[in-house]
Amino acid sequence: MSNIEKSVTPESVAAESAAPALLNQFAKPEAVAGNTRTMDFYAANTKVDITLLLMFEPPAAGKLYSDLFPTAWKVITFSGTGINSATVTYTAATGFFAPQLHQTLSLVRHTGQRCTLAPNSNGLMNHITDAKTGTAGVMQCTNVTPQPANIGIGFFNKAGNKMEPAILWQNVAKNATLSVQLTPRLKIYATTDYKSDVESPLLFYQNLIGLAAHTEWNVIVDEGTGEIKIVPVSS
């Protein structure tokens, strides 16, 4: 399987080949359970509308855009006039999901747990089983449906009733196991035209576990260069 290189786009959610039996183990495991992080963003009179695209860095061991696709975890838009603010919260409550009309989710709070994507008794839909003890150091999900399936991983919201997708694997083969060590490295891109073909430079790159529980950030436009920047709010 060749490694296909493409630029990051916020709507990249399709894969081009079937997955092998063991998929995309994250290179450097770090504990994430119980590490909630809240980030406040502010933008004031920037003169141009700004859209921030927040996504998590995909596994270092995977083949980007061949085995797996990052998805936009959050999309935030600020008006170019007035004072704007937005708050995002990373809960570290991790789960697997299977994209379908009525999807089921499985909460996997710790490494060393596993779940299964299985067909319902009527065989018409799939569901993800509750998490059980698995292999130490990784979170796993096995596809035991009769055909290749799409499986993603993401984070639950603060209420625990909604999945916020982060990474999607397509065409996970029958009896294949997705094995993940998740490090929450957040990447932020910005654009003044969400639908354009203009590639945005990377503006923010942080392991969220290294941040304080609550941080504040200004989104500004450099008057000299027109560049969008994200800078910490001065205390």
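1. Start with one pair of residues: in strand E5, Ile76 is the bridge partner of Leu52. A little further along the pairing, Ile50 has Phe78 of E5 opposite it. These two pairs belong to a run of 5 bridges that joins E3 to strand E5, residues 74–78, with the two strands running antiparallel. Bear in mind as you look that this is a predicted model.

2. Now turn to the other partner of E3. Strand E16, residues 185–191, pairs with E3 over 6 bridges, again in the antiparallel sense. If you want a residue pair to click on, take Thr51, whose bridge partner in E16 is Thr191.

3. Put together, these pairings give an open sheet of 4 strands in the order E5-E3-E16-E17, with antiparallel pairing. E5 and strand E17 (202–207) are the edge strands, and each of them pairs on one side only. On average, neighbouring strands of this sheet are turned by 20° against each other, direction ignored.

4. How many residues of strand E3 are buried? Covering residues 50–56, E3 has 7 of its 7 residues buried. Both of its faces are covered: Ile50, Leu52, Leu54 and Phe56 are buried on one side, and Thr51, Leu53 and Met55 are buried on the other.

5. Two of those E3 residues turn up again in the largest nonpolar core, where Leu52 and Leu54 are listed with Met39, Phe41, Phe96, Leu186 and Val219 as the residues with the most contacts inside it. That core has 43 residues. For the chain as a whole, 45% of the 235 residues count as buried.

6. Phe41 is a good place to put your cursor. Leaving out residues up to four places away in sequence, Phe41 touches Leu52 and Leu54, Ile76 and Phe78, and also Asn84, Ser85, Ala86, Val88, Ile188, Trp217, Val219 and Ile230. So which strands sit around this part of the chain?

7. There is a second open sheet of 4 strands, in the order E6-E2-E18-E19, and its pairing is mixed. Strand E6 (83–90) and strand E19 (228–232) stand at the edges; each has a single partner strand, so one side of each has no neighbour in the sheet. From one strand to the next, the twist averages 25°.

8. Within that sheet, look at E2 (residues 37–44) and E18 (residues 214–221): they run parallel and are joined by 5 bridges. Tyr42 is a handy marker here, standing opposite Asn218 in E18.

9. The loops on either side of this region deserve a look too. Asn35 is in the loop between strand E1 (22–23) and E2. Its relative accessible area is 19%, so Asn35 counts as buried, the cut-off being under 20%. Beyond residues up to four places away in sequence, Asn35 touches Tyr90, Ala92 and Ile209.

10. Gly226 is in the loop between E18 and E19. Is Gly226 buried or partly exposed? With 46% relative accessibility, Gly226 counts as partly exposed. Gly226 and Val48 are 178 residues apart in sequence, yet their C-alpha atoms are 9.9 Å apart in space.

11. Elsewhere, Thr116 lies in strand E9, residues 113–119. Its relative accessibility is 22%, so Thr116 counts as partly exposed. Thr116 touches His127, Ile128, Thr129, Cys141, Thr142 and Val144, again not counting residues up to four places away in sequence. From C-alpha to C-alpha, Thr116 and His127 are 8.2 Å apart, with their positions 11 residues apart in sequence.

12. Stepping back, the chain has 0 helices and 19 strands. Among its contacts between residues at least 6 apart in sequence, 68% join residues at least 24 apart. The accessible surface of the chain is about 11500 Å², and carbon and sulfur atoms account for 50% of it.

13. One last point, on confidence. The mean pLDDT of the chain is 76, with 71% of residues at 70 or more. Over residues 1–33 pLDDT stays under 50, and the model has 100 contacts beyond four places in sequence for that stretch. Residues 61–66 also stay under 50, with 26 such contacts in the model.

Notes
Residues numbered from 1 in each chain as written. Predicted model: local features only at pLDDT ≥ 70, side-chain atom pairs only at ≥ 80, totals over all residues. Heavy atoms only, no water. Core = buried A, V, L, I, M, F, W, Y, C linked by side-chain atoms within 4.5 Å. Buried < 20%, exposed > 50% of the residue type's maximum accessible area, 1.4 Å probe, protein only. Contact = heavy atoms within 4.5 Å. Areas by Shrake-Rupley, 256 points an atom, 1.4 Å probe, with all protein chains shown as cover. Pairing = 2+ DSSP bridges. Axes fitted to C-alpha atoms, helices over the stretch in contact; angles between N-to-C directions. pLDDT = per-residue confidence, 0-100.
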